[in-house]
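Here's a structure to wander through together. Have the sequence and the 3D view open, and we'll take things one region at a time.

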Amino acid sequence: MFCYQCQETAKGSGCTLRGVCGKTADVANLQDLLIYVLKGISVLNVQAREAGVNKPAVDVFVMEALFSTITNANFDKAYFVGKVQDALAIRDQVKAELFQAGVAPQESHDSVTWTDGPYAFEAKAEAVGILATENEDVRSLRELLTYGVKGMAAYAEHAYTLGYGQDGIFAFMQRALKATTEELSADQLVSLVLECGKFGVDVMALLDQANTTTYGNPEITKVNIGVRNNPAILISGHDLKDLEELLEQTKGTGVDVYTHGEMLPAHYYPFFKKYDNFVGNYGNAWWLQDKEFASFNGPILMTTNCLVTPKESYKDRVYVTGVVGFEGLKQIPARAAGQSKDFSGLIAHAKQCPAPQELEQGEIVGGFAHNQVLSLADKVVEAVKAGAIKKFFVMAGCDGRMKSRDYYSEFAKALPQDTVILTAGCAKYRYNKLPLGDIGGIPRVLDAGQCNDSYSLAVIALKLKEVFGLDDVNQLPIAYNIAWYEQKAVIVLLALLYLGVKNIHLGPTLPGFLSPNVAKVLVETFGIGGVGSVEDDLKMFMA
Ligand code: FSO
Ligand code: SF4
């Protein structure tokens with residue numbers, strides 16, 4: 001195996017024996033093979049789209065399969081064996097459609113023609129993985145593009161679940177995968193990477209539209225972080241539709257529902273406030289789940305990444321759904337057309353369990369997505385003009401296990417009192433419980449929501465640019481100190497670059513998949529930088 005798609009990759013360069021995330025070599029290889037066959041599907045489906053014979057089912061398959069290979073989504077070997085088989089069958093169907101339409105399928109790449117049974121998958125996977133691209137710059141750009149597309153697929157899937165799809169986004173994912181099979185120059189690949197950022201903006205805007213149309217605009221909300229004395233279900237991940245159906249099915253049953261990790265921002269949406277049993281948020285970011293799932297006592301529903309190898313002590317209480325998988329965990333099947341998922345087993349299980357053990361008490365405040373912040377725009381602009389707010393720090397992104405991420409708590413604590421943090425994603429858990437106070441009633445940490453709601457932060461920045469009459473978003477008193485972990489952070493980064501944001505600092509380490517030359521292009525063109533010590537970085541940002 002060779003995998004370097006996330007920030008925690010071994011030695012910052014690549015996991016080769018087993019993932020730091022717990023992914024086994026056979027699963028890593030099968031994921032590579034799945035991506036390979038998706039490339040073959042994409043070569044053909046680009047043709048099918050041009051000929052007007054592409055099928056929505058193919059778009060959905062490619063999207064879901066990409067999503068399933070994201071870090072900490074699916075660790076189940078059987079799942080990927082099945083997916084590779086499905087992918088081969090779908091690829092051959094697309095080929096058949098092309099023949100029927102009188103179009104000769106492009107068959108020059110092996111990903112379009114190779115076929116075999118499961119016994120041959122591992123050997124094939126070894127030959128078509130990341131290292132099969134020998135030139136390290138081309139490999140770096142191909143992978144950067146692929147990870148951007150994986151992040152895009154995750155957000156597209158959430159929007160699609162709520163009934164929102166955009167053909168341009170599906171078409172781009174496939175065009176990008178196809179491009180990784182071609183002998184493109186570094187310049188051509190760089191322009192595709194930048195174009196990926198454009199579709200990153202589109203997909204986050206689409207998801208924002210899907211979420212706010214379905215559940216209302218997030219609003220300032222106090223979220224309880226304590227517990228009640230009822231049996232309860234913990235829901236984690238990013239899927240709001242799963243939450244909606246779970247709340248519908250638990251209401252009036254005496255079973256409470258708490259959010260974990262990236263599900264916290266669900267509390268900010270007006271729609272979910274009507275449920276009396278939607279109690280609050282339990283715990284912190286994904287990587288603390290081994291302790292927090294244990295003390296929660298009730299069943300846990302993982303709707304998306306980030307799943308950590310479950311401990312025996314609570315393994316029987318973890319349920320997975322959607323693209324999430326792990327051998328031995330109970331799976332909630334996909335919804336049948338027009339129906340909800342069936343959470344009755346989970347609810348019955350909860351009733352047998354003791355109430356959650358208290359971790360902390362109190363409340364945290366969030367709900368500062370674009371609509372809410374823009375309704376406070378006068379106040380914010382006034383505070384900036386009066387000098388009460390000197391600078392905003394976008395500290396969106398992910399949290400993770402590495403000790404070096406303490407940097408972000410320390411950085412938040414060290415920021416001067418006249419600065420405001422704009423956050424989104426699970427990175428927030430490094431500072432959202434610190435007593436950082438407010439500036440004239442504006443909290444010093446403004447949480448817009450999940451990582452995809454980084455889009456909100458961009459909308460806010462663009463609006464402020466307009467209000468202050470500036471021509472360039474980089475003239476605003478906003479600094480970007482972003483924490484990354486997995487591939488959704490890649491699409492968020494590419495989206496920000498597309499919007500013209502410069503001088504983004506990325507930490508706690510720069511991506512292992514950036515070759516020195518590709519990193520150099522990012523530094524020279526966009527001013528991308530890493531992080532250093534809190535002290536030095538503060539001086540640099542405040543200068
Ligand atoms: Fe965090 Fe995990 Fe949302 Fe990521 S939960 S790390 S960027 O999956 O998706 O922010
Ligand atoms: Fe390693 Fe990250 Fe890949 Fe897991 S996802 S195998 S930790 S690089």
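How much area is buried between domain 1 and domain 2, and what share of it do carbon and sulfur atoms give? About 1,500 Å² is buried there, and carbon and sulfur atoms account for 58% of that area. Keep in mind as you look around that this is a predicted model.

Let's place those two domains. The domain assignment puts domain 1 at residues 10–214 and domain 2 at 221–351. Their C-alpha centres sit 29 Å apart, and the contact draws on 19 residues from domain 1 and 18 residues from domain 2.

What kind of polar pairing goes with that contact? Don't go hunting for salt bridges between domain 1 and domain 2, as the count is zero. There are, however, four residue pairs in polar contact between the two domains, with both residues of each pair at pLDDT 80 or more.

Now turn to the domain 1 side of the contact. Helix H2 (56–68), helix H6 (136–161) and helix H8 (186–215) are the elements that each give two or more residues to the side touching domain 2. By class, that side splits into seven nonpolar, nine polar and three charged residues. If you want to pick out individual residues, go for Asn 72, Phe 75 and His 158: these lose the most area to domain 2, and together they make up 31% of what the domain 1 side buries.

While helix H6 is on screen, find Asp 137, which belongs to that helix. Leaving aside residues up to four places away in sequence, Asp 137 touches Ser 515, Asn 517 and Val 518. Glu 8 is 129 residues from Asp 137 along the chain, and the C-alpha atoms of the two are separated by 21 Å.

On to the ligands. Ligand 1 has 13 residues around it, and the ones that come nearest are His 238, Glu 262, Cys 306, Cys 426 and Glu 486. Zoom in on the oxygen atoms of ligand 1. One lies 3.0 Å from an N or O atom in the side chain of Glu 262. For Cys 426, a backbone N or O atom is 3.3 Å from an oxygen atom of the ligand, while Lys 488 brings a polar side-chain atom to 3.2 Å from a ligand 1 oxygen.

Last stop: ligand 2. The residues around ligand 2 include Met 1, Tyr 4, Lys 23 and Thr 71, along with Cys 3, Cys 6, Cys 15 and Cys 21. Sorted by class, the shell has seven nonpolar, four polar and one charged residues.

Terms used: Residues are numbered from 1 along each chain as its sequence is written. Chains are lettered from A and ligands numbered from 1 in the order in which they are written. This is a predicted model: local features need pLDDT of at least 70, side-chain atom pairs count only at pLDDT 80 or more; totals for chains, interfaces and linings use all residues. Side-chain values use heavy atoms; hydrogens and water are left out. Domain bounds come from an automatic or database domain assignment. Contact means heavy atoms within 4.5 Å. Buried area is the accessible area (1.4 Å probe) that two parts lose on being put together, summed over both. A salt bridge is a side-chain nitrogen of Lys or Arg within 4 Å of a carboxyl oxygen of Asp or Glu. A polar contact is a pair of N or O atoms within 3.5 Å; within protein, one must be able to donate a hydrogen and the other to accept it, and residues adjacent in sequence count only if both atoms are side-chain atoms. Helices (H or I, at least four residues) and strands (E, at least two) are DSSP runs, numbered from the N terminus. Ala, Val, Leu, Ile, Met, Phe, Trp, Tyr, Cys and Pro count as nonpolar, Asp, Glu, Lys and Arg as charged, and the others, Gly among them, as polar. A residue is near a molecule or strand if one of its heavy atoms lies within 4 Å of it.
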